[in-house]
Amino acid sequence: MKHLVIVGGGITGLAAAYYAQKSAAAQGLDLAITLVERGARLGGKIMTDTPDGFVIEGGPDSFITQKPWALQLCRELGLDDQLVGTNDARRGVYVWRKGKLRKMPDGVMLIIPTRFLPFATSNLISWPGKLRMGMDLFIRPRQDDSDESLADFIRRRLGREALDVLAEPMMAGIHVSDAETLSLQATFPRFIETERKYGSLVRGMIAARKAAAAHSRNGAGKTSVFMTLRGGLQALIDALADAFTGTIKAGRSVTGLERAGDGYALTLDDDTSLHADALILATPAYVSADLLRDQSAELAGMLDAVRYVSTATVSLGYDAATFDHPLDGFGFVVPRSEPTRLLACTWTSSKFTHRAAPGSVLLRAFVGGPRREDLVDLDDAALIGLVRDELRQIMGIRAEPLLARVFRWHRGNPQYEVGHLQRVDRMEALCPPGLYLTGSAFRGVGIPDCIKQGQATAQAVIDYLRQAEPAR
């Protein structure tokens, strides 16, 4: 019997365990799997709290369905009846700019306007800024295949105002990253493909909108762009753990790792040891670096070089009777040029049904990130007070919250800087046989990307172990 050890019990590690177990069974490979997680709980940043009828997500609150892997996994695990989409009747995003919440105009796709009148009449972008964005129709596509930053790309095609007001808060905000260093290849390859195919982002997005409309007219079922689970995403973690029949060692850390013949010997913090014929490290890059430092100084050095930033979320629940704001959208984002300490705020009970207790509303604010990491270290009372002060200025909220929940993610957000994918290729090439790196530090930070990586890594492991089997 072969033995696979997976270190890291976040969504990527759990997905790798699930798919390795499934693939081994399908291919008749006799495989034992052990999952080691240093925390007492599984799921990493996926964490759901359900106090007093509220559903509060500590980390991600949903997944994008245009990347199919999360939706497919939910259906495989029998969670179909729990899937819910966004409240599209309330769809809309605001941008806090010059002392006002200004609504994103209808027809904007990936920050690109696809309808003239709503964009022309919007007060979000100045007329010079709108004209500069329109120049995208005439700017020749870039011929160089090298990576560039999101900021350089947006400035080149749409101008500085589009970068500041739209791209930086909306797109760099997804990755909690600095647009000036964020790798376009690693985060928004669709922009590169659109520029090459259509020569213009505006033409490309108009074509995409028309194709989606035709798809809908042809009777294809509509799926919400973002989906979640009725009782919270913790249900996905619980279902994965229930489906896994191997061994889970939670609350255990790996303190030693060395090559042992064709496999690996791991020492845990309780002085027990494990032998692995194959090993998956689904841990943050800096944790993997510590484990591999004695095996490969170059690989450890490259893993150390993956920067992380810290963030926190503050969720506030209110009695709807004391709440005046209409919450006619999914929330707002904040450009970095604005003098506020928030990154964004999701109007959670508007975005999804069943997130707030009856007669209540739920908001979730985001703080920290590459420029204000110091805020994450404030104590709970100070952090809640900060968020309430900001929401009072932005939304006019003066009511006392019914509840407040703070979640901190220290070094929780890997930074995909320009050239990221090339560095990942090199790191993977440096891995000795039978050792695999996977997770949010490498080829995608969202839930679907992490599941995809777990699935691909699991298949690579099964292929490796089957090749290593003696001929029968």
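Which are the buried residues of helix α8 (residues 189-198)? In this predicted model, the buried residues of α8 are Phe191, Ile192, Thr194 and Glu195. They cover an arc of only 165° around the helix axis, which puts them on the same side of α8. An α-helix has 3.6 residues a turn, so residues three or four places apart point the same way. On the face of α8 turned away from that buried side, the reader will find the exposed residues Glu193, Arg196 and Lys197. The helix is followed by Gly199, whose phi is positive, near 75°.

One of the buried residues of α8, Glu195, leads on to the charged side chains, since Glu195 belongs to a network of salt bridges that also links Asp136, Arg142, Asp144, Glu148, Arg156 and Arg157. Across the structure, the count of salt bridges comes to 32. Among them is the pair formed by Arg97 and Glu161, whose side chains meet with a nitrogen-to-oxygen distance of 3.0 Å. This pair links distant parts of the chain, with Arg97 in strand β7 (residues 93-97) and Glu161 in helix α6 (residues 160-172), 64 residues apart. Both partners count as buried, Arg97 at 12% relative accessibility and Glu161 at 18%.

Another salt bridge joins Arg293 to Asp304, with the closest N and O atoms 2.7 Å apart. Here Arg293 lies in the loop between α11 (285-292) and α12 (297-304), while Asp304 lies in helix α12, and the two are 11 residues apart. Arg293 is partly exposed, with a relative accessible area of 36%, and Asp304 is likewise partly exposed, with 38%.

The side chains of Glu400 and Arg388 also meet in a salt bridge, at 3.4 Å from N to O. Because Glu400 lies in the loop between α14 (380-395) and β21 (403-414) and Arg388 lies in helix α14, the pair ties together parts that are 12 residues apart in sequence. In this pair Glu400 is exposed, with a relative accessible area of 58%, whereas Arg388 counts as buried at 17%.

From the charged pairs we turn to the nonpolar interior. In soluble globular proteins, nonpolar side chains tend to be buried together. The largest nonpolar core of this model has 45 residues, and those with the most contacts inside it are Leu4, Phe63, Leu236 and Ile451. Two or more residues come from each of β1 (2-7), α1 (11-27), β2 (31-37), α2 (69-76), β11, α10 (234-243), β16 (278-281) and α16. Of these contributions, that of α1 is the greatest, with nine residues. Leaving aside neighbours within four places in sequence, Ile451 is in contact with Ile11, Ala15, Tyr19, Trp69, Ala70, Leu73 and Leu236. Apart from this core lies another, of 33 residues, among them Val95, Ile111, Phe153 and Leu184.

Helix α16 (residues 447-468) also holds Thr457, which is buried, with a relative accessible area of 9%. Beyond its neighbours within four places in sequence, Thr457 is in contact with Ile280, Tyr436 and Thr438. By comparison with these contacts, Asp61 is a distant reference point: Thr457 and Asp61 are 396 residues apart in sequence and 25 Å apart in space, C-alpha to C-alpha.

Strand β11, one of the elements that contribute to the largest core, is also part of an open sheet of three strands, in the order β5-β11-β6, with antiparallel pairing. The edge strands are β5 (63-64) and β6 (83-85), each of which pairs on one side only. Two bridges join β5 to β11 (residues 226-229), and within this pairing the bridge partner of Ile64 is Phe226 in β11.

Finally, there are the cysteines to consider. A disulfide is a covalent bond between the sulfur atoms of two cysteines. The structure holds zero disulfides. Cys74 is in no disulfide, and the nearest cysteine sulfur, that of Cys450, is 14 Å away. Why does Cys450 form no bond with Cys74? The sulfur of Cys450 is 14 Å from that of Cys74, its closest cysteine sulfur, and this is too far for a bond, given that a disulfide requires sulfur atoms within 2.5 Å. Both cysteines are buried, Cys74 with a relative accessible area of 0% and Cys450 at 5% relative accessibility.

Conventions. Residues are numbered from 1 along each chain as its sequence is written. This is a predicted model: local features need pLDDT of at least 70, side-chain atom pairs count only at pLDDT 80 or more; totals for chains, interfaces and linings use all residues. Side-chain values use heavy atoms; hydrogens and water are left out. Buried means under 20% relative accessible area, exposed over 50%, partly exposed in between (1.4 Å probe, protein chains only). Two strands pair if DSSP finds at least two bridges between them. Helices (H or I, at least four residues) and strands (E, at least two) are DSSP runs, numbered from the N terminus. A salt bridge is a side-chain nitrogen of Lys or Arg within 4 Å of a carboxyl oxygen of Asp or Glu. Contact means heavy atoms within 4.5 Å. The arc is that of the directions from the helix axis to the C-beta atoms. A nonpolar core is a set of buried Ala, Val, Leu, Ile, Met, Phe, Trp, Tyr and Cys residues joined through side-chain atoms within 4.5 Å.
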